[in-house]
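Hi,

Here's the structure I said I'd pass along. Have a look first, and my notes are underneath.

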Amino acid sequence: MSESESTKPSKINPRFRYEVAKMPGGEKLLQCFQCGTCTSDCPIARFNEKYRPRNIIHMAQIGLKNKILDSEFLWLCASCFTCTDRCPQGVEVASVIRILKNMAAEEGHIPKLFRELLSNLLKTGYVYEVPESRIRRRESLGLPPLPKGDSESILKTIQELKIARILNSE
Amino acid sequence: MEKVGKYMFFLGCTIPYRVSSYEISARKVLQRLSVDLVEMPEFNCCGLPLEPLSHELTLILSARNIAIAEREGLNILTLCPGCSGTLKKTNKALKEDKSLKEEINGRLKEVGLEFKGSVNVKHISQFLIDDVGLDRIKKSVIKPLRGLKVSEHSGCHLSRPRKYLEFEDPENPKALKTLIEATGAKYVEYMDETECCGATVAGIDDKISLSLVREKLSHIKSAGAEALITMCPSCHIMYDANQIRVERMFKETYNIPVLHYTQLLGLAMGISPEELGFDELRVNPSKIVKYAMEIKPRL
Ligand code: SF4
Ligand code: SF4
């Protein structure tokens, strides 16, 4: 990061916290009193110094919307829910982070891995494309055939979602 | 033996894609326990892997699966805690929120399905304890694995978030330990038992996920366990298939066999390792297999 970039003030969006708090799982965002339990118990934070759930919650509270949604660290959350279970204020930390990821995805920030998973789902009904050889091998292993995913039906149920439209239009 | 009520068997994506040994051993063991399984037709991903992109997408995908089971009038049984956790959360959310239910049903109507909220969802660990019962499991054991020392990793999604899953205490999970003891094996405690396996960041940041695996393996090794027992396909991949990657990355040797609980129980039932998918495991389990083969079956 260049010096001018690192000292550039971030834009604050004072309405942002209410946007997050009205989503399912975000309701308790404003209750966070910054104790740091979530960060100290987070398995990812232990191995990555940039990843700090307490900071993410704080940034969401004060409205650093763009800074969060453009970030890469957001996608490091393992969704293990340890923070959610241990927050003394009942903040569903993992769900707040999921809400933020969902918002980032709607703005088009979608890591490659998730693009692949979604495109597999639309093709096969599963997030992985089970190779032909594996499907055939099931028989020799004595396993019943894998039902063919009904991707057409799945597409019908999700085509109106913003995320499906974003990927389709690309 | 009297049959245990019919269940709709939900496989999910990860098991057919990469972890056949879990499916093979689970089917064998459930058959021995006289559990009637019905294959779920045209199911789809439970929705969990896509939740980072859209919560609503996850709700629709999981509700679609539940609606298929409801059409057949059957409760759902899963092998993957990620799948059961997601289906359970959706089941609860839609049952409690009428307008959300209507919204999701609006989407499902397009394909002739409806979420009613009439079935329940269980992971195999809960199913074995609640529906099959420890008595029946203990009776099925003809080769008690006495003297074998194993540790367990239950996985986060089996009981977290506590508020939604209402299963067991995530800070002190007991189900898998109880099930291990039913096989006669000895349960060995280790440090940070409830730590995440890191599977969900594999592919995003492998250094972090493999560091988590390494830490778990080293704690298990210090505790002196001869094997690690899991009940989640993703956790299993992390500790079994990725163990060699950890060994290479950190220049260490662990050599800890990682078994699905259903394989451990199968051995105790006297089922042959071939029939339990042992040859699909990456870390050589021969020590454990040899140990089980030497036990004389009690008749
Ligand atoms: S544990 Fe809860 S209250 Fe404490 S910093 Fe994290 S979100 Fe805030
Ligand atoms: S859910 Fe995410 S933020 Fe919370 S403890 Fe787990 S990895 Fe950390």
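Is A:F114 buried or exposed? With a relative accessible area of 6%, A:F114 falls under the 20% cut-off, so the residue is buried. Bear in mind that this is a predicted model.

On to the aromatics: over all chains, the count is 5 aromatic pairs. One of them joins A:W75 to A:F114, with ring centres 5.4 Å apart and planes at 45°. That angle is neither under 30 nor over 60 degrees, so the pair counts as tilted. The two residues are 39 apart in the chain: A:W75 sits in the loop between α6 (65-69) and α7 (82-86) of chain A, and A:F114 belongs to helix α9 (residues 112-124) of chain A. A:W75 is buried as well, at 6% relative accessibility.

Chain B has a pair worth pulling up too. B:Y7 and B:F127 have ring centres 4.8 Å apart, and their planes meet at 70°, so this one is edge-to-face. Since B:Y7 is in strand β1 (residues 4-10) of chain B and B:F127 in helix α6 (residues 124-132) of chain B, the pair ties together parts 120 residues apart in sequence. Both B:Y7 and B:F127 are buried.

There's also a cluster that takes in both chains: ring pairs link A:Y126 with B:F10 and B:F43.

Last, ligand 2. It has 13 residues around it, and the nearest are A:C42, A:Y51, A:C77, A:C80 and A:C83. Helices α4 (43-47) and α8 (93-106) of chain A each give two or more residues to that shell. By class, the shell has 12 nonpolar residues, 1 polar and no charged ones.

Cheers

How values were computed:
Residues are numbered from 1 along each chain as its sequence is written. Chains are lettered from A and ligands numbered from 1 in the order in which they are written. This is a predicted model: local features need pLDDT of at least 70, side-chain atom pairs count only at pLDDT 80 or more; totals for chains, interfaces and linings use all residues. Side-chain values use heavy atoms; hydrogens and water are left out. A residue is near a molecule or strand if one of its heavy atoms lies within 4 Å of it. Helices (H or I, at least four residues) and strands (E, at least two) are DSSP runs, numbered from the N terminus. Ala, Val, Leu, Ile, Met, Phe, Trp, Tyr, Cys and Pro count as nonpolar, Asp, Glu, Lys and Arg as charged, and the others, Gly among them, as polar. Rings of Phe, Tyr and Trp (its six-membered ring) pair if their centres lie within 6.5 Å; planes under 30 degrees apart count as stacked, over 60 as edge-to-face and the rest as tilted. Buried means under 20% relative accessible area, exposed over 50%, partly exposed in between (1.4 Å probe, protein chains only).
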